[in-house]
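Thanks for coming, everyone. Let me put the structure up, and then we'll walk through a few places in it.

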Amino acid sequence: MHSAELENLIKAIARLPGVGARGARRIALHLLRAPDKHLAPFMTALQRAGETISVCKICGNLDSQNPCSICSDPSRADGTICVVADINDLWAFERTGAHRGLYHVLGGVISALGGVSPDDLRMAELLRRLDGVREIILALPPTVDGQTTAHIVQQQITATAPDVAITRLAVGIPIGGAIEYLDEGTLRLAVSTRR
């Protein structure tokens, strides 16, 4: 039996993505076994993040400055914007260093089942950023919802700024992937988009 405070902590941790009840209990125990070493710095970091980090008013990234450090970097104004579904995707690109231009976070993808419509995404904000843009890179998930979103974004960009080039990420067989283990959709796409 746990105290109400401990139960509340476990429930709060369990609400985090990817953390179940068992993992939440382990995290709570870890934090509470050495509160000076683990809990106090964790609480300080959470409080500081809550006070200083906000959503970038231009691209939708998270940063302690607004506009974010990417949007504020003059070396990134190369005329390309990489459109991603979520901040995690932006961070993945940044880890690789593969894209040195700007970004735009849509905040998800269109999903009829999930109740997400084009109006729920940051598409209007993207359309307002097209002045001076040469290329939009659609880096959306290769799922039905991701491709539906890419199609609608492409239509809206073409209607607003027909001179902007629109490209998509290459898709297909991953490096080190064995063909025999690929699903039919991935294999079909790899063949149809070969170069």
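Start with Arg76. Its side chain makes a polar contact with the side chain of Glu94, at 2.7 Å. One caution before going on: this is a predicted model.

That contact is also a salt bridge, Arg76 to Glu94, 2.7 Å from N to O. How many salt bridges does the structure hold? The count is 1. The pair links distant parts of the chain. Arg76 sits in the loop between strand 2 and strand 3, Glu94 sits in helix 4, residues 87–96, and the two are 18 residues apart. The general idea is simple. Side chains of opposite charge can pair when their charged atoms come close.

Are the two partners buried or exposed? Take Arg76. Its relative accessible area is 3%, so Arg76 is buried, the cut-off being under 20%. Now Glu94. Its relative accessibility is 26%, so Glu94 counts as partly exposed.

Arg76 has another polar partner to show you. The backbone oxygen of Gly101 lies 3.0 Å from a polar atom of the Arg76 side chain. What else does Arg76 touch, leaving aside neighbours within four places in sequence? The contacts are Ile70, Glu94, His99, Arg100, Gly101, Leu102 and Tyr103.

Next stop, Asp63. Asp63 lies in strand 2, which covers residues 62–63. Asp63 is buried, yet has no salt bridge. Which side chain of opposite charge is nearest to Asp63? That would be Arg76, 9.8 Å away. A salt bridge needs a nitrogen within 4 Å of a carboxyl oxygen, so at 9.8 Å this pair does not make one.

What does the side chain of Asp63 reach instead? The backbone nitrogen of Ser69, at 2.8 Å. Ser69 also appears among the residues that Asp63 touches. The others are Thr52, Ile53, Ser54 and Cys68, not counting residues up to four places away in sequence.

Stay in this stretch of chain for a moment. Look at the peptide bond from Asn66 to Pro67. That bond is cis, with omega near 5°. As background, most peptide bonds are trans. Where is Pro67? Pro67 is in the loop between strand 2 and strand 3, residues 80–84. Arg76 lies in the loop between strand 2 and strand 3 as well.

Now to the surface. Ile53, one of the Asp63 contacts, also helps make a nonpolar patch. Which residues make up the patch? They are Ile53, Val55, Leu62 and Trp91, and the patch is about 350 Å². Ile53 is found in the loop between helix 3, residues 35–52, and strand 1, residues 54–55. With a relative accessible area of 42%, Ile53 is partly exposed.

Let's turn to some positions elsewhere, and to distances. Leu46 is in helix 3. Leu46 has 52% relative accessibility, so this leucine counts as exposed. How far is Leu46 from Leu187? The two are 141 residues apart in sequence and 44 Å apart in space, C-alpha to C-alpha.

Leu187 comes up again with Ile179. Leaving aside neighbours within four places in sequence, Ile179 is in contact with Ile173 and Leu187. Ile179 is in the loop between strand 6, residues 165–168, and helix 7, residues 184–192. Ile179 is exposed, with a relative accessible area of 52%. From Ile179 to Leu130, count 49 residues in sequence and 40 Å in space, C-alpha to C-alpha.

Ile173 gives us another span. Asp131 and Ile173 are 42 residues apart in sequence and 35 Å apart in space, C-alpha to C-alpha. Asp131 is in the loop between helix 5, residues 123–127, and strand 5, residues 135–139. Buried or exposed? At 78% relative accessibility, Asp131 counts as exposed.

Last one, Gly114. Gly114 is in the loop between strand 4, residues 102–105, and helix 5. Gly114 is exposed, with a relative accessible area of 57%. Gly114 and Asp145 are 31 residues apart in sequence, and their C-alpha atoms are 9.9 Å apart in space.

To close, keep two residues in mind. Arg76 is buried and meets Glu94 in a salt bridge. Asp63 is buried and has no salt bridge. Thank you.

Notes: Residues numbered from 1 in each chain as written. Predicted model: local features only at pLDDT ≥ 70, side-chain atom pairs only at ≥ 80, totals over all residues. Heavy atoms only, no water. Patch = residues over 30% accessible without salt bridge, like charges linked within 9 Å, V, L, I, M, F, W, Y side chains within 5 Å. Areas by Shrake-Rupley, 256 points an atom, 1.4 Å probe, with all protein chains shown as cover. Helix = DSSP H or I, 4+ residues; strand = E, 2+ residues; numbered from the N terminus. Buried < 20%, exposed > 50% of the residue type's maximum accessible area, 1.4 Å probe, protein only. Lys, Arg positive; Asp, Glu negative; His and termini not counted. Polar contact = N/O pair within 3.5 Å; in protein donor to acceptor, adjacent residues only side chain to side chain. Contact = heavy atoms within 4.5 Å.
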